[in-house]
Amino acid sequence: MNTQLFIVPQLLEGVGPINAATKKMAEQMGTDDPREVFRRINSGEWVVSASKPVEMPVWKTVKLGTCKTPEEYRKALKKAGRRIGDWGDDILGRITCSKEEVDFDLVVQSVADLDFKSGARYADICAKAQELGFELCPAEVRPALRLQYGDQPKGEWLRIAMEAIVGRGGSLDIFGVRHDDDGLWLRGSSGRPDRVWFADDRFVFGRRK
């Protein structure tokens, strides 16, 4: 199904560099003017289609299946000096791990990158990302990324876009990786469909091959 995006040209005034998805569309259109990209989208000359996903550069590739159980991840994370919050530890125990080692490509998008300039509900964020050709991550991406992302910049907090896991008390939870002053953390976050995230909140998605 084709998805028509409408963008008000005035929103471009005073903004910073265009994101990688817009740059890719500009290349495909043969123009270097972001206003021309948005003009063609608004006029219907260019349609973003779920069958022709936007190609994003791979941000990072994680290897899944290096640990076969949640307990193996706990031991590996502890050995590597990573920290696990109580909330994150609860949902870590509920994931399924790959039995074979496989590579999984990741991209990072902010809520604003997905054209939600005033924030959006988690359900809408996931739906828009999939319309643009990204995919939700297997839950194992989170502990694998925390284990393999040792050079995460201090202060960065990334949430993993995934099917929410039912945690203790029936809550719907997703994972996050964060670098705080006291270390590299594996944490939990709310995965409720109606949970509203700010425009500058950033999510990790899978990149379709």
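User: What makes the phi of Gly133, the residue after α5, worth a remark?
Analyst: Its sign: the phi of Gly133 is positive, near 100 degrees. The model is predicted, and local features need pLDDT of at least 70, side-chain atom pairs count only at pLDDT 80 or more, while totals for chains, interfaces and linings use all residues. Residues are numbered from 1 along each chain as its sequence is written, and side-chain values use heavy atoms, with hydrogens and water left out.

User: Which residues of helix α5 are called buried?
Analyst: Tyr122, Ile125, Cys126, Lys128 and Ala129, in a helix that spans residues 122–131. Helices (H or I, at least four residues) and strands (E, at least two) are DSSP runs, numbered from the N terminus. Buried means under 20% relative accessible area, exposed over 50%, and partly exposed in between (1.4 Å probe, protein chains only).

User: How do you know where these residues lie around α5?
Analyst: They cover an arc of only 165 degrees around the axis, so they are on the same side of α5. The arc is taken from the directions from the helix axis to the C-beta atoms. The buried residues of α5 pack against several strands, including β8 (157–160) and β13 (202–207).

User: Why is Asp194 called partly exposed?
Analyst: Its relative accessible area is 43%, and the term covers values between 20% and 50%, therefore the label fits. Asp194 is in the loop between β11 and β12.

User: What makes the pair Asp194 and Arg192 a polar contact?
Analyst: The distance between their side chains is 3.0 Å. A polar contact is a pair of N or O atoms within 3.5 Å; within protein, one must be able to donate a hydrogen and the other to accept it, and residues adjacent in sequence count only if both atoms are side-chain atoms.

User: Why is Glu140 said to have no salt bridge?
Analyst: The nearest side chain of opposite charge, Lys68, is 7.3 Å away. A salt bridge needs a side-chain nitrogen of Lys or Arg within 4 Å of a carboxyl oxygen of Asp or Glu, so Lys68 does not qualify. Glu140 is buried, and a polar atom of its side chain lies 2.8 Å from the backbone nitrogen of Ser98.

User: How do you know that β8 and β13 pair, and in which sense?
Analyst: Two strands pair if DSSP finds at least two bridges between them. There are 3 bridges between β8 and β13, which run parallel, so the condition is met. Leu158 has Arg202 as its bridge partner in β13. Strand β5 also pairs with β13, in the antiparallel sense, over 5 bridges.

Technical notes:
Lys and Arg count as positive and Asp and Glu as negative; His and the chain ends are not counted. Contact means heavy atoms within 4.5 Å.
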